[in-house]
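Biologist: I've never looked at this one before. Could you take me through it, question by question?

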Amino acid sequence: MAPGKKGILERLNAGEVVIGDGGFVFALEKRGYVKAGPWTPEATVTHPEAVRQLHREFLRAGANVMQTFTFYASDDKLENRGQSLRLSGAQINEAGCDLAREVASEGDALVAGGVCQTPSYLSCKSETEVKAVFKKQMEVFVKKGVDFMIAEYFEHVEEAEWAVQVLKTSGKPVAASLCIGPEGDMHGVSPGECAVRLVKAGAQIIGVNCHFDPMTCVKAVKLMKEGVEKAGLKAHYMVQPLAFHTPDCNCQGFIDLPEFPFGLEPRILTRWDMHQYAREAYKAGIRFIGGCCGFEPYHIRAVAEELAPERGITPPGSEKHGMWGAGLEMHTKPWVRARARRDYWENLKPASGRPLCPSMSSPDGWGVTKGHSELMQQKEATSQDQLKQLFDRSKSH
């Protein structure tokens with residue numbers, strides 16, 4: 001950490017709002033640097049300029065945390081289902097740390113090294129084997145001197161506990177976020193119980209990320225907070241949701257939606273929706289507020305602008321953005337100038353422009369999770385026969 005910069009716990013203990021960044025895999029997939037399916041972050045090595053620029057845009061938007069682009073950068077994921085990248089997890093993780101640190105040094109941002117769920121856990125490997133995967137990534141983060149650790153995107157609290165236990169050995173602060181909603185993890189463990197288990201495992205910051213829309217995620221964190229307080233424990237809270245509306249999701253979240261991942265754009269939250277999200281998260285006592293899949297820099301800027309009174313600063317990106325549409329006062333058309341007011345945007349009901357588009361979908365809901373034969377992973381590419389079985393099964397849903 002650069003001299004003079006306050007650490008993550010120092011900031012949160014002082015009651016400061018820490019703003020996270022957004023969803024790198026989705027943003028970079030849309031830009032042509034990440035492949036949907038594996039969702040692996042080899043772009044840190046193959047296209048560092050793209051990763052660096054996205055970090056820079058989130059920093060300009062107001063993010064205080066540059067999370068290393070190391071999502072799914074464990075060796076077991078890089079080799080899963082026919083991947084042949086000829087790049088090791090260590091190479092990708094090291095490059096991700098260097099890029100995050102470079103950009104963080106340009107502002108008042110911290111670097112967080114991130115690990116996430118593994119194919120090893122889904123394939124029922126032992127606790128020792130799964131922990132070894134996390135330890136290998138953690139060693140890179142320690143070598144590169146990240147400021148704190150994040151264990152994120154875990155569907156099963158047990159695997160998240162294992163990750164936290166490993167990351168704690170680094171001696172650095174640990175945050176842990178599950179990709180769960182109010183129904184709890186994939187084996188039915190409630191948000192409150194999940195939270196208690198994460199705190200007891202050693203996480204100082206807990207919450208949720210991904211899989212659900214902002215308001216659903218805030219609701220889940222509230223339940224986690226209730227569980228921690230009822231158990232007489234203490235923690236800081238974080239939330240980094242999707243930028244998609246997901247009122248029709250079941251416990252598996254947006255990956256069950258038929259639109260996942262290439263047809264989600266009609267569900268995108270506006271910047272004004274993000275103002276509401278930031279305020280609700282703050283009112284819930286959450287002080288680490290960011291985003292995950294679907295979040296672009298302008299979404300994070302909206303979060304930073306909504307909480308500018310509490311933080312005492314506006315982000316550099318606000319130089320090109322009038323609060324609540326104030327910049328429209330300079331528009332040439334009078335009916336557009338008439339939209340330069342808060343009540344217009346707060347009360348807008350955006351149309352989809354799709355005459356036959358339903359308001360909600362029916363999730364697939366296959367009902368399989370860790371321990372089911374269909375979730376056993378493999379190094380070999382998915383065969384045509386395996387695909388045919390999946391295609392046939394999907395027709396019956």
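**Strands and their neighbours**

Biologist: In strand 6, which residue is the bridge partner of A175?

Modeller: A heads-up before we start: this is a predicted model, where local features need pLDDT of at least 70, side-chain atom pairs count only at pLDDT 80 or more, and totals for chains, interfaces and linings use all residues. Residues are numbered from 1 along each chain as its sequence is written, and side-chain values use heavy atoms, without hydrogens or water. Strand 5 (residues 174-178) pairs with strand 6 in the parallel sense over four bridges (strands pair if DSSP finds at least two bridges between them; strands are E runs of at least two residues and helices H or I runs of at least four, numbered from the N terminus). Within strand 6, the partner of A175 is I205.

Biologist: And which residue in strand 7 does I205 stand opposite?

Modeller: Strand 6 has a neighbour in strand 7 (residues 236-240), and the two run parallel, joined by five bridges. Across from I205, in strand 7, is H236.

Biologist: Which helix does the chain pass through on the way from strand 6 to strand 7?

Modeller: Start one step back: strand 5, helix 10 (residues 191-201) and strand 6 make a right-handed β-α-β unit (with the strands pointing away from you, the path from the first strand over the helix to the second runs clockwise). From strand 6 to strand 7 the β-α-β crossover is right-handed too. There the chain goes through residues 214-230, which are helix 11.

Biologist: Is strand 6 mostly covered or mostly open, and how many of its residues are buried?

Modeller: Mostly covered (buried is under 20% relative accessible area, exposed over 50%, partly exposed in between, with a 1.4 Å probe and protein chains only). I205, G207 and N209 are buried on one side, and I206 and V208 are buried on the other. For strand 6, residues 205-209, the buried count is five of five.

Biologist: How many residues of strand 3 are buried?

Modeller: Both faces of strand 3 are covered, with L110, A112 and G114 buried on one side. On the other side V111, G113 and V115 are buried. So for strand 3 (residues 110-115) the count is six of six.

Biologist: Which residue in strand 4 is the bridge partner of V115?

Modeller: Strand 3 has parallel company. Strand 2 (residues 65-67) joins it by three bridges, with M66 partnered by V111. Strand 4 (residues 148-154) joins strand 3 by four bridges, and in strand 4 the partner of V115 is A151.

**Odd spots in the backbone**

Biologist: Which peptide bond is cis, and what is its omega?

Modeller: Look in the loop between strand 7 and helix 12 (271-283), where P261 sits. The bond from F260 to P261 is the cis one, with omega near -5°.

Biologist: What is the phi of W39?

Modeller: W39 lies in the loop between helix 2 (24-30) and helix 3 (43-46). At 10% relative accessibility, this tryptophan counts as buried. It isn't a glycine, yet its phi is positive, at about 55°.

Biologist: And what is the relative accessibility of W324?

Modeller: W324 is in the loop between helix 14 (308-311) and helix 15 (334-337). Its phi is positive as well, about 50°, although W324 is not a glycine. W324 counts as buried, because its relative accessibility is 10%.
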